[in-house]
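Student: I have a structure to look at. Can we go through it with short questions?

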Amino acid sequence: DGATLFKQQCATCHTTNLSDAVRQGPALLGIVGKSAGKADGFRYSTGFAKADFVWDDAKLDAYLANPQATVPGSIMAYRQPRAETRAAIIAYLKELN
């Protein structure tokens, strides 16, 4: 289940609402369809400052598999090698839109 996987693997660094304090990563509420590196109230790495794309399923999948290859200069250490786990987390994020 995507919500459980998110809580176990992502929630240490990311929130899913705008009322919690910003953590190491930006809040991911409504991330699907948003421009990368543009969330208000979050200071992005140099790599994200140069990012010029909108988050969709394919970009999220690539990023979760290998953040630095998708956004050079990204400082996210998490990598998820299992496609089915990435798909479940992405499906959960889409529910938050």
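Student: Is H14 buried or exposed?
Tutor: This is a predicted model, where local features need pLDDT of at least 70, side-chain atom pairs count only at pLDDT 80 or more, and totals for chains, interfaces and linings use all residues. Residues are numbered from 1 along each chain as its sequence is written, and side-chain values use heavy atoms, with hydrogens and water left out. Buried means under 20% relative accessible area, exposed over 50%, partly exposed in between (1.4 Å probe, protein chains only). H14 has a relative accessible area of 11%, so H14 is buried.

Student: Which residues is H14 in contact with, leaving aside neighbours within four places in sequence?
Tutor: Contact means heavy atoms within 4.5 Å. H14 lies in the loop between helix 1 and helix 2 (46-49); helices are DSSP runs (H or I, at least four residues), numbered from the N terminus. Its partners are F6, R23, G25, P26, L28 and M76.

Student: Which residues touch the most other members of the largest nonpolar core?
Tutor: Such a core is a set of buried Ala, Val, Leu, Ile, Met, Phe, Trp, Tyr and Cys residues joined through side-chain atoms within 4.5 Å. This one has 23 residues. The ones asked for are F6, F48, W55 and I89.

Student: Which helix gives the largest share of this core?
Tutor: Helix 1 (2-9), helix 3 (57-65) and helix 5 (83-95) each supply at least two residues of the core. The largest share is four residues, and they come from helix 5.

Student: Which residues does I89 touch, not counting those up to four places away in sequence?
Tutor: I89 is among the core residues that touch the most other members. Its list is G2, L5, F6, Q9, C10, L64 and Y78.
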